[in-house]
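Reader: I am new to this structure and would be grateful for a close look at a single part of it. Please begin with the terms that I shall need, and then explain how that part relates to its surroundings.

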Amino acid sequence: MSKIGRNDPCWCGSGKKYKKCHEEFDERIALIKNQGHLVPDHSIIKTPAQIEMIRKSCQVNIAVLDRVAEQIRVGMNTEEIDRIVYETTTKMGGIPAPLHYQGYPKSVCTSINEVVCHGIPSEEMILRDGDIINVDVSTIVDGYFSDSSRMFCMGEVSEEKRKLVQTVKECVELGLQQVKPWGFLGDMGQAVNDHAKANGYSVVREIGGHGVGLAFHEDPWVSYVTKAGEDMLMVPGMIFTIEPMVNMGTHRVVCDKTDGWTVTTADKKPSAQWEIMVLVTEEGHEVLCY
Ligand code: MF3
Ligand code: CO
């Protein structure tokens with residue numbers, strides 16, 4: 001980062017002089033960096049104008065998930081969910097972010113039971129009574145990205161699986177409570193992990209959350225197996241996902257060698273995930289997408 005003059009325009013695009021805008025903010029970050037912490041750089045701190053555009057993308061993402069929630073039912077195949085996502089997104093002027101992303105073939109991820117994430121929709125994959133499914137929707141609107149996922153319980157779901165689904169939702173909510181400026185991502189990560197562990201579950205280690213907004217996956221990479229006070233500093237203007245994958249059995253996962261995408265638990269026990277997108281604000285946080 002080149003040093004900017006105190007009377008130069010601020011890097012944030014406000015048009016104000018640096019000394020009247022983000023100078024103090026940058027000094028505070030530099031101090032924390034000197035204490036040995038990982039800190040965000042300017043590229044991942046969103047401006048108010050960018051946040052407005054990201055909000056619009058989130059509105060579409062939420063509407064798409066609402067549409068899925070209305071229509072999902074036992075007997076439906078996951079290709080039909082893909083069609084709902086594609087059609088709702090494009091009708092609203094968006095593009096499904098997963099489509100062709102690193103070669104991914106569909107518009108949405110549909111992950112059933114032991115599938116941890118990145119399940120590929122297919123006509124052969126039919127929702128049965130007792131299944132739990134994660135539908136992970138990501139949208140691009142005017143070049144701005146949004147990303148969130150929900151769980152759905154199909155018909156008569158066992159008490160055991162229902163509890164898993166409910167607990168992961170609580171994990172996300174407890175993690176969210178830790179999101180505030182000048183705290184650390186590890187504060188959130190530990191809150192998520194503690195609650196999962198207290199319920200006898202394990203948290204996936206190698207797949208996590210991410211910064212999002214100007215791209216699908218930005219820095220920071222967000223872990224849910226961290227400790228309070230560790231990992232990256234949170235500052236106003238950062239946007240990232242909270243999306244822990246919580247397993248009933250082992251934390252270990254395997255990726256399907258044939259399709260290159262589908263991740264399942266190593267012991268084939270169920271896994272659940274909820275994903276929200278959160279903005280760090282001056283006062284605390286704001287959920288942008290859920
Ligand atoms: N939506 C996933 C996430 O939460 C990413 C899916 S990548 C895809 O980060 F290509 F599989 F869609
Ligand atoms: Co995500």
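Author: A helix is here a DSSP run of H or I at least four residues long, a strand is a run of E of at least two, and both are numbered from the N terminus. The model under discussion is predicted.

In these terms, Ala 198 belongs to helix 5, which covers residues 185–198. Is Ala 198 buried or exposed? A residue is called exposed when its relative accessible area is over 50% and buried when that area is under 20%. Ala 198 has a relative accessible area of 65%, and therefore counts as exposed. Thr 167, by contrast, is part of helix 4, residues 159–177. Its relative accessible area is 2%, so Thr 167 is buried. In sequence 31 residues separate Ala 198 from Thr 167, while their C-alpha atoms are 9.9 Å apart in space. Which residues does Thr 167 touch, once its neighbours within four places in sequence are left aside? They are His 195, Asn 199 and Tyr 201. Of these, His 195 falls within the range of helix 5, residues 185–198.

The metal site follows. The cobalt ion (ligand 2) has as protein donors Asp 147 through OD, His 210 through NE2, and Glu 243 and Glu 275 through OE, at 2.1 to 2.3 Å. Along the sequence these donor residues follow the spacing D-x62-H-x32-E-x31-E. Asp 147 sits in strand 5 (residues 144–153) and His 210 in strand 7 (residues 209–211), so this pair ties together parts that lie 63 residues apart in sequence. Both residues are also buried: the relative accessible area is 2% for Asp 147 and 5% for His 210.

Why is the arrangement around the cobalt ion (ligand 2) called irregular? For six octahedral donors the ideal angles at a metal are 90 or 180 degrees. Some departure is allowed, but opposite donors must be over 155 degrees apart and all other angles must lie between 65 and 115. The six donor atoms around the cobalt ion (ligand 2) subtend angles of 51 to 159°, and the arrangement is therefore irregular. The lower end of that range, 51°, is the plain reason, because an octahedral site admits no angle under 65 degrees.

Some features of the backbone complete the picture. The peptide bond between Asp 219 and Pro 220 is cis, its omega being near 0°, and Pro 220 is placed in strand 8, residues 218–222. Two residues other than glycine have a positive phi: for His 100 the value is about 70°, and for Asn 113 it is near 50°. His 100 is in the loop between strand 1 (95–96) and strand 2 (109–112), and Asn 113 is in the loop between strand 2 and strand 3 (115–117). With regard to the surface, His 100 is exposed at 61% relative accessibility, whereas Asn 113 is buried at 9%.

Finally, helix 2 (residues 48–71) and helix 3 (residues 78–91) approach one another, their axes coming within 9 Å and crossing at roughly 140°. This crossing is right-handed. Helix 2 contributes Val 60, Ala 63, Val 64, Arg 67, Val 68 and Gln 71 to the contact, and helix 3 contributes Ile 81, Ile 84, Val 85, Thr 88 and Thr 89. Seven of the residues in this contact are nonpolar, three are polar and one is charged.

Conventions. Residues numbered from 1 in each chain as written. Chains lettered and ligands numbered in written order. Predicted model: local features only at pLDDT ≥ 70, side-chain atom pairs only at ≥ 80, totals over all residues. Heavy atoms only, no water. Axes fitted to C-alpha atoms, helices over the stretch in contact; angles between N-to-C directions. Left-handed = near helix turned anticlockwise from the far one by under 90°. Contact = heavy atoms within 4.5 Å. Nonpolar A, V, L, I, M, F, W, Y, C, P; charged D, E, K, R; others polar. Donors = N, O, S within 2.8 Å, 3.2 Å for Na, K, Ca; no water. Tetrahedral: all angles 85-135°; square planar, octahedral: opposite > 155°, others 65-115°. Buried < 20%, exposed > 50% of the residue type's maximum accessible area, 1.4 Å probe, protein only.
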